[in-house]
Amino acid sequence: MVTKYLTHTSTQTDITAATPQSRCSHTRLLATTTSTHTMLAQTGLEAAFSNIVSNVRASINLQSVQQDVAHNHTGSCEMTTFSDPGNLPNYTLQGVWWVMWLVCVEYVALWWQGARLPVLHDNIISLVHATLYEVTKLFVRGVEYGVYTWVWQHYSILPALDSSLLGLAILVVLIDLVYYWLHRANHEIMLLWAIHQVHHTSQDLTVAVGLRHSPLQRLFAWVFYLPLAVLGVPPNQMLAHSQFNTLYQCWTHTHAIRSIGPLDYIFNCPAHHRVHHGSNLYCLDKNYGGVFILWDRLFGTFQQELPDEEIIYGILTQPDSYNPLYHQVFYLKMALEKARGMSTWRERLSTLVKGPSWMPGSPWTGWDKDKPDIRGCRVYRKVKASSFTHCYVLMHFLAILTLTNLLIAPLSGTPVEVFVYSMVVVVTLGCIGVVYDDPPYTRLVEVMRCSASLLICLFLPPLVTPIILQLLTSLYVLSLTLWLFNPTSMLPHPSTKLDTSSMK
């Protein structure tokens, strides 16, 4: 039996989408098991990093991924490319750049409508979360899609869908149905909600929130897509269409669009998704669909937006920090504390696997009477950052986003260099939150970060072009100089609390 696996494209390998009845031959492998045996012949940290990067390249860099989509009556096969010949990019990472432009358009539209404008730092933190989500692909994507590919290889019961319009429509529907149940589980299981809440901690609903996800979701989200492998959906099709599903949802995170008319009945739209993100009592645990709202109508989780009640965004217990790394774990601590407060082991387990509002004697998601009814008087935690602070943060964010694109793309650096640059990305994204929080140690943290980044630019072999390297070096030299000799110019933004009633 020929093994199928998602392989790196720099050697022009391909995927064989075979049916259980016929398998195409001569498929080249880069399976996790093979690379593991290779590692056994090596030693040290370099071997471990080589294994990680080989799997990452196999599943992220899909620029020459191919699949077998046709079998003749004699069982032979011919190879055809998926959609765009030799090019299936990481759409969600590219989407971060496009969403930045959409945020600008959204500001103009809201200004034109006379609506309240979202605060800039909330949008920046959402884009920070999106970048953090993308860079973690370097560490877990091989596991995610290695398991999916193995299930598809051994247990698929149907042939792959063809490239017809009907096949495309079926795939879009299947992906969104899986997403509905994944999304619903994220809200109705405490441990999953403790991770998914990152997507809801923004207190302004903007298109940038559409890409605001926790990288910890990668630890379990792939499990929900395994039924598609059994149904014969090839890994590259699942990967591409799950990205399209995510990108579609970006436009539903906005106040600039009120309705799309009769299409509201079929598709998820801003009006429906505003309800989903609301902390108001009537909004909780509603409207989970990604592309289609029909799933919510079918499974009883649909809620129409009420025009006479302003929706308040965020979660019931907001984090007291803008640090994206803190956002990943603060709710997990609360979940464990709630579980420890229960009297029996059964109640402790139920606390972690049932809804966040569950209490002994209540239904799975808790009683509505026990949930706080948050309305327009909620106090928001905001920051009055200066224009200079925003410019500083944006420059460093754009530098890190550029580096993330280069890390995900085909690279010539060693695995150790990839790991070091990835850590630079993660640390910088965390430090952006530190700058907005402005704790007493902000100056020390930024001096250390800028110094380390400058040393990396000077001594570690670069993954960027000489021009970009010069720009990065100049950025870190200038930033380090400001932090050393004029730190007050960087942090003139005391925290403040604003009541929503004054922001209408």
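Helices here are DSSP runs of type H or I with at least four residues, numbered from the N terminus. With that in hand, Gly114 is easy to place: this glycine sits just after helix H3 and takes a positive phi of about 75 degrees. The model described here is a predicted one.

A broad view of the chain comes next. The protein chain holds 18 helices and four strands. Of its 504 residues, 52% are buried. Among contacts with a separation of 6 or more, 74% join residues 24 or more positions apart.

Helix H3 makes a good place to begin. H3 covers residues 91–113, which is 23 residues, and spans 31 Å between its first and last C-alpha atoms, close to the 33 Å expected at 1.5 Å a residue. H3 also has a kink of about 30 degrees, centred on Trp97. Its buried residues include Leu93, Val96, Val99, Met100 and Val103, and further along the helix Glu106, Tyr107 and Leu110 are buried as well. In an α-helix, residues three or four places apart point the same way, because there are 3.6 residues a turn.

H3 has a packing partner in helix H15. The axes of H3 and H15 are 10 Å apart and meet at an angle of about 155 degrees. An angle over 145 degrees counts as roughly antiparallel, and H3 and H15 are therefore roughly antiparallel to each other. Their crossing is left-handed. On the H3 side, the contact is made by Leu93, Val96, Trp97 and Met100, while H15 contributes Phe397, Leu398, Leu401, Thr402, Thr404, Asn405 and Ile408. Trp97 thus appears twice in this account, as the centre of the kink and as part of the contact with H15.

A second helix pair is formed by H16, residues 415–437, and H17, residues 442–459. Their axes come within 11 Å and cross at roughly 155 degrees, and H16 and H17 are therefore roughly antiparallel to each other. H16 passes H17 in a left-handed crossing. The residues of H16 that take part include Val420, Tyr421, Val424, Val427 and Cys431; among those they meet in H17 are Val445, Glu446, Arg449 and Ile456.

The loop between H16 and H17 contains Asp438. The phi of Asp438 is near 55 degrees, a positive value in a residue other than glycine. With a relative accessibility of 29%, Asp438 counts as partly exposed. Another aspartate, Asp285, has a positive phi of about 60 degrees although it is not a glycine. Asp285 belongs to the loop between helix H11 and helix H12.

Helix H18 links back to helices already met. H18 runs over residues 466–485, and its end C-alpha atoms are 28 Å apart, in agreement with the 28 Å that its 20 residues should span at 1.5 Å a residue. Leu472, Leu475, Tyr476, Leu480 and Trp483 are among the buried residues of H18. The buried residues of H18 pack against H15 and H17. H15 is also the partner of H3, and H17 that of H16.

Finally, Trp152 offers an example of a pair brought together from separate parts of the sequence. Trp152 is found in helix H5, residues 137–155, and counts as buried at 1% relative accessibility. Pro234 is 82 residues away from Trp152 in sequence, and their C-alpha atoms are 6.9 Å apart in space.

Key. Residues are numbered from 1 along each chain as its sequence is written. This is a predicted model: local features need pLDDT of at least 70, side-chain atom pairs count only at pLDDT 80 or more; totals for chains, interfaces and linings use all residues. Side-chain values use heavy atoms; hydrogens and water are left out. Helices (H or I, at least four residues) and strands (E, at least two) are DSSP runs, numbered from the N terminus. The expected span of a helix is 1.5 Å times one less than its number of residues. The bend at a residue is the angle between axes fitted to the seven residues ending there and the seven starting there. Buried means under 20% relative accessible area, exposed over 50%, partly exposed in between (1.4 Å probe, protein chains only). Axes are lines fitted to C-alpha atoms, for helices over the stretch in contact, and angles run from 0 to 180 degrees between N-to-C directions. Angles under 35 degrees count as roughly parallel, over 145 as roughly antiparallel, 65 to 115 as roughly perpendicular and the rest as oblique. A crossing is left-handed if the near helix is turned anticlockwise from the far one by less than a right angle, and right-handed if clockwise. Contact means heavy atoms within 4.5 Å.
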